[in-house]
Amino acid sequence: MDITALMNRNFRALNGGLFESVTKADVGEGAGKLMARGVDIMAWADPFFPDPSIPPAVVEVMVDALRQGFPSHYSMPIGAADLRAELALKITRQTGLPIDPSRNVIVTPGSDSGLLYAMMPFIEPGDEVMVADPSYPSNFLNPVLLGGTVVKVPLDTAANYAFDIAAFEQRVTERTKLVVITHPNNPTTTVFRRKNLEELCAFIIRHNLVLVSDQAFEDHIFDGLEFVSPATLPGMWERTVTVCSISKGLGLSGLRIGYIYADDKIMDVLYGGAVNVLGAAATITSIGAVQALKETEYLRSLTERHERRRDLAYRTLSTIPGVRMHPSESGILSWLDVSQLGTSEEVAAYLLQEANVLVNAGSAYGEQGKGFLRIVTGVFADDTRAEAAFNRIKTALTKLAEQKSILAPI
Ligand SMILES: Cc1ncc(COP(=O)(O)O)c(C=O)c1O
C-alpha cells in the first residue's frame, strides 16, 4: 500500500531525508558524520558550537535540582510560573511593554515549535502568508504545513535588505492573512530600522493582517543600532505574535526554551491549545533557564564577544577576491555574496572539500539567497580556532578566484 496517499497533502511532501543533506540549515546526521571526519561545522546557528557555553551558575542550579529530584515531574504546559516571570522582566526591560507573566507570555520547547504555534490560530486552508525573502527556511515551510500558501516578498538588496513596501503592496490579495518577518534577519543579519518597520506595520494595519515576528536573534545587536520590536509600534500590539528564544541570545540552544509574547486575546487561544500542541518544556531546563535569565551581565558580555568575532570574520572574509559582504549587524552569522565564484551549492561544496568547513548554501534561504553563502562565524568558544577556520576559507576561495582570474573583492 501507499501510506503517503493517506496523508494530509501538506505533510506528504516532507522528506525526512533532508536531515542527511549538508545544505539544510538544521542539525542533521550528515553533519555528524562530517564532524567525525574533522570537518568544522559552520552551518548551524548555534553559538560557540561545539564548545560548552553554559554559565557555571546555571550548571549548579540544574545539578542541585536534579539531586533533589523534582525535575522528574511536569512543568506547567504554558511554562513554569517563575520562568514566565523572568521572561516578562526581560521583555519589559528590552521593549518597555507592560508584560503580565500570567497573560502575555507562553514558554515553548524552543522557538521553532513556537513559530509554527504562533501561526496555527490564524491560518486556514488557502490563506496567503507573505514571507520576506531571504529568510529563515522554517518560515517558508510552516504556512504550507498549515494549509496556507507562501508568497515570497523580496527584500531590497540595494538597501541592505530593507523591506520594500511597494513589493508587499504588489503581492497582497484578498486572501492574505499574515506577514512573517525574521528580525534581525537570518541569514542577512539585518536589523530592520524603525522607519522601515513603521512603513511595514502601516501596510499590515492598512490590509488588516497579522504579524508573526521571529526574533530569535534579537539579543545581540552591533554598532549601537536601535532594535525595535514591532509589537511596540502603534496599533501593532493587538495583531503581533512575537516569537523569541534563549538559544541564540544566551547560547543555550540545547535547553530548548523558547517563548512567545502577545496580547491577551491571542494568548487566550495559545494557552488553550498548549497541552495538545506543545506538551510542555522540560522541567530541568526551565529551572536552568530561570537562572540564565537572571545573569543579565552575562548576556551583555556575550554581545561583546559576538561583536569582536564579527569584526574578526569581517576583516578576514571581506578581503577575499570575488567576495562581497557587509559587516554583520547582529548575532553570529556572516552573509557573503560569492556569485562571481560559482553557485551557492558549488562554492559550499568546494569549501567542504578544500577548507574542511561546512557552510550553508544561501539558496536555502530563498530566491535572493542564490549566489550567497551563510557562514556561522560565531562558532567555537575560542577566537583563535575561529580565525584558523576563517583563514582556511580565505585561502581556499582566493585559490578559486585565481582560477577564475578574479583579483579583488567585488
Ligand atoms: C531565525 C530563527 N528563528 C528561530 C530559530 C529556532 O531556534 P530555537 O528553536 O532553538 O529557539 C532559529 C534557529 O536556527 C532561527 O535561526
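Helices and strands in this talk are DSSP runs, numbered from the N terminus: a helix is H or I over at least four residues, and a strand is E over at least two. With that convention in place, P187 is found in the loop between β5 and α8, and that loop will be the main subject of my presentation. Please bear in mind throughout that the model in front of you is predicted.

Let me start with the protein overall. The protein contains 14 helices and 13 strands. Its radius of gyration is 21 Å, close to the 22 Å that the globule rule gives for 410 residues, so the protein is as compact as a globular protein of that length. The C-alpha trace spans about 60 × 60 × 55 Å along the principal axes. As for burial, 55% of the 410 residues count as buried. The contacts also tell us about the chain's path: of those between residues at least 6 apart in sequence, 74% join residues at least 24 apart.

On the outside, the protein exposes about 17100 Å², and carbon and sulfur atoms supply 55% of that area. There are 37 positive and 47 negative side chains. The centres of these two sets lie 2 Å apart.

I turn now to the loop between β5, residues 176–182, and α8, residues 194–206. Where in this loop are the cis peptide bonds? One joins H183 and P184, with omega about -5°, and P184 belongs to the loop between β5 and α8. Another joins N186 and P187, with omega about 25°. For context, most peptide bonds are trans, and most residues other than glycine have a negative phi. The second part of that remark applies to T189, which also sits in the loop between β5 and α8. The phi of T189 is near 70°, a positive value in a residue other than glycine.

Let me take N186 in more detail. Is N186 buried or exposed? Its relative accessible area is 2%, and buried means under 20%, so N186 is buried. Which residues does N186 touch, once its neighbours within four places in sequence are left aside? They are S135, Y136, F217, L333, Y365 and R374. With R374 there is also a polar contact between side chains, at 3.0 Å. In addition, the C-alpha atom of N186 lies 7.9 Å from that of P134, although 52 residues separate the two along the chain.

T188 lies in the loop between β5 and α8 as well. Its relative accessibility is 7%, below the 20% limit, so T188 counts as buried. The side chain of T188 makes a polar contact of 3.3 Å with the side chain of N185. A polar contact of 2.7 Å links the side chains of T188 and T190. Beyond four places in sequence, T188 touches P134, Y161 and W335. P134 thus appears twice in this account: T188 touches it, and the C-alpha distance for N186 was given to it. T189, the residue with the positive phi, has a relative accessibility of 3% and, because that is under 20%, it too counts as buried.

A second element to examine is helix α6, residues 138–145. How much of α6 is covered? The helix is mostly covered, since six of its eight residues are buried, that is, under 20% relative accessible area. The buried residues are S138, N139, F140, N142, P143 and L145. Their cover includes α1, α5, β3, β4, β5 and β6. After α6 comes G147, which has a positive phi near 90°.

Two further places deserve a brief mention. D223 sits in the loop between β6, residues 210–214, and β7, residues 240–245. D223 has a positive phi of about 60° although it is not a glycine. G69, for its part, lies in the loop between α3, residues 56–68, and α4, residues 81–95. At 30% relative accessibility, G69 counts as partly exposed, because that value falls between the limits of 20% and 50%. The C-alpha atoms of G69 and L341, which are 272 residues apart along the chain, are separated by 56 Å.

To close, I return to the loop between β5 and α8. A cis bond joins H183 and P184, and a cis bond joins N186 and P187. N186 is buried, T188 counts as buried, and T189 counts as buried. Thank you for your attention.

Methods:
Residues are numbered from 1 along each chain as its sequence is written. This is a predicted model: local features need pLDDT of at least 70, side-chain atom pairs count only at pLDDT 80 or more; totals for chains, interfaces and linings use all residues. Side-chain values use heavy atoms; hydrogens and water are left out. The radius of gyration is taken over C-alpha atoms; the globule rule is 2.2 Å times the number of residues to the power 0.38. Buried means under 20% relative accessible area, exposed over 50%, partly exposed in between (1.4 Å probe, protein chains only). Contact means heavy atoms within 4.5 Å. Accessible areas come from the Shrake-Rupley method with a 1.4 Å probe; for residues, only the protein chains shown count as cover. Lys and Arg count as positive and Asp and Glu as negative; His and the chain ends are not counted. The place of a charge is taken as NZ of Lys, CZ of Arg, CG of Asp or CD of Glu. A polar contact is a pair of N or O atoms within 3.5 Å; within protein, one must be able to donate a hydrogen and the other to accept it, and residues adjacent in sequence count only if both atoms are side-chain atoms.
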